[in-house]
Amino acid sequence: MTNIQKTEVFLREQFAGCAYFREHPADGEYRLQHSYRVAHVAREIARREGMDVEGLVIGGLLHDVGYSLFFESEESWGEHGRMSARLARPFLEQLSLEPQRVREICYGIAIHVDGKADFPGEKTAFALSIGDADDVDRFDAYRIYDAMEYADFRNLKMEDKKKWLRERLDWINWRLTQKSGTETARQMIADRLLYQRQYYEKVLEQMERSETI
């Protein structure tokens, strides 16, 4: 098997062995599907930027593997990048990868949540691209549905709906000002955020016309 195929097997085994995912299969399926989508984005970034495709795809597949170790909560969410790196490292060291590449993959995984790692490393374009690939998928079309469902948007009162939409739009405008590891990622992220902004603006416009003539 190739290194990427071995990584797929490892990822699926980790998620299959997670008690939380066995009890909440939809969460496990989403996390696996998200990991594959991130790996596809990572491959595209690597190809466009002339980076190591294999290494970045592996980083994309494993960036959330730490979710297999804990229940989803706000507290543990902030640690999942570092937890994923710790879980991934022993596996990566068994593959036919250069030690420097293993370190860089682990560092990119560790910092992808909040920019922080619990071991030394450099925020290279390669390392930053793991988080960028994650953001591209998180800002894509499916996340519009996912975010609105998570907020129980349908059952919110009208003022709360408009407040939620305005807050989302404010966040999108802020996020559009943030830097990315590569120009490719910046463009991909901007395209998706602008699509989200247009959608939320249209929904807000509808809400503004929903209570009075």
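Which residues does arginine 48 touch, not counting residues up to four places away in sequence? The answer is Thr184 and Met188. Keep in mind that this is a predicted model. Below is a quick tour of its charged pairs, its biggest pocket and its nonpolar core.

**Arginine 48**
- You'll find arginine 48 in helix α3, and at 48% relative accessibility it counts as partly exposed.
- Arginine 48 sits 86 residues from aspartate 134 in sequence, and the two are 17 Å apart in space, going C-alpha to C-alpha.

**Salt bridges**
- The whole structure has 20 salt bridges. As a reminder, side chains of opposite charge can pair when their charged atoms come close.
- Aspartate 134 and arginine 138 pair up in one of them, at 3.5 Å from N to O. Both belong to helix α8, which covers residues 125–138, and they are 4 residues apart, or about one turn of the helix.
- Burial differs within that pair: aspartate 134 is buried, with 5% relative accessible area, whereas arginine 138 is partly exposed at 26%.
- Aspartate 140 and arginine 192 make another salt bridge, with 3.1 Å from N to O. Aspartate 140 is in the loop between α8 and α9, while arginine 192 is in helix α11 (residues 183–208), so this pair ties together parts that lie 52 residues apart in sequence.
- Aspartate 140 counts as partly exposed, with a relative accessibility of 30%.
- Aspartate 146 and arginine 143 also meet in a salt bridge, this time at 3.7 Å from N to O. They are 3 residues apart in helix α9, which means about one helical turn separates them.
- Arginine 143 comes in at 19% relative accessible area, so with the cut-off for buried at under 20% it counts as buried. Its partner aspartate 146, at 22%, counts as partly exposed.
- There is also a salt-bridge network, which links Glu159, Lys162, Arg166, Glu208 and Glu211.

**The largest pocket**
- The largest pocket holds about 1700 Å³ of space.
- Its lining takes in 50 residues, and Tyr67, Trp77, Asp134, Arg138 and Arg143 are the ones nearest the centre. Two of those names, Asp134 and Arg138, are the salt-bridge partners from helix α8.
- By type, the lining residues split into 18 nonpolar, 12 polar and 20 charged.
- Helices α3, α5, α7, α8, α9 and α10 each contribute at least two lining residues. The biggest share comes from α3, which gives 8 residues.

**The nonpolar core**
- In soluble globular proteins, nonpolar side chains tend to be buried together.
- Here the largest nonpolar core has 59 residues, and the members touching the most others are Leu56, Ile58, Leu62, Leu92, Leu165 and Tyr200.
- Leucine 165 is in contact with Phe153, Tyr200, Val203, Leu204 and Met207, once its neighbours within four places in sequence are left aside. Tyr200 is thus a contact of leucine 165 and also on the list of core members with the most partners.

**Serine 129**
- Serine 129 is another resident of helix α8, and it is buried, with a relative accessible area of 0%.
- Setting aside neighbours within four places in sequence, serine 129 is in contact with Ile45, Met51, Leu56 and Thr182. Among these, Leu56 is one of the core members that touch the most others.

Note on methods. Residues numbered from 1 in each chain as written. Predicted model: local features only at pLDDT ≥ 70, side-chain atom pairs only at ≥ 80, totals over all residues. Heavy atoms only, no water. Core = buried A, V, L, I, M, F, W, Y, C linked by side-chain atoms within 4.5 Å. Buried < 20%, exposed > 50% of the residue type's maximum accessible area, 1.4 Å probe, protein only. Contact = heavy atoms within 4.5 Å. Salt bridge = Lys/Arg side-chain N within 4 Å of Asp/Glu carboxyl O. 1 Å grid on protein atoms, 1.4 Å probe; cavity = no way out; pocket = protein on both sides within 12 Å on 5 of 7 lines; lining within 4 Å. Points joined across faces, edges and corners; volume = space filled by probe spheres on them. Nonpolar A, V, L, I, M, F, W, Y, C, P; charged D, E, K, R; others polar.
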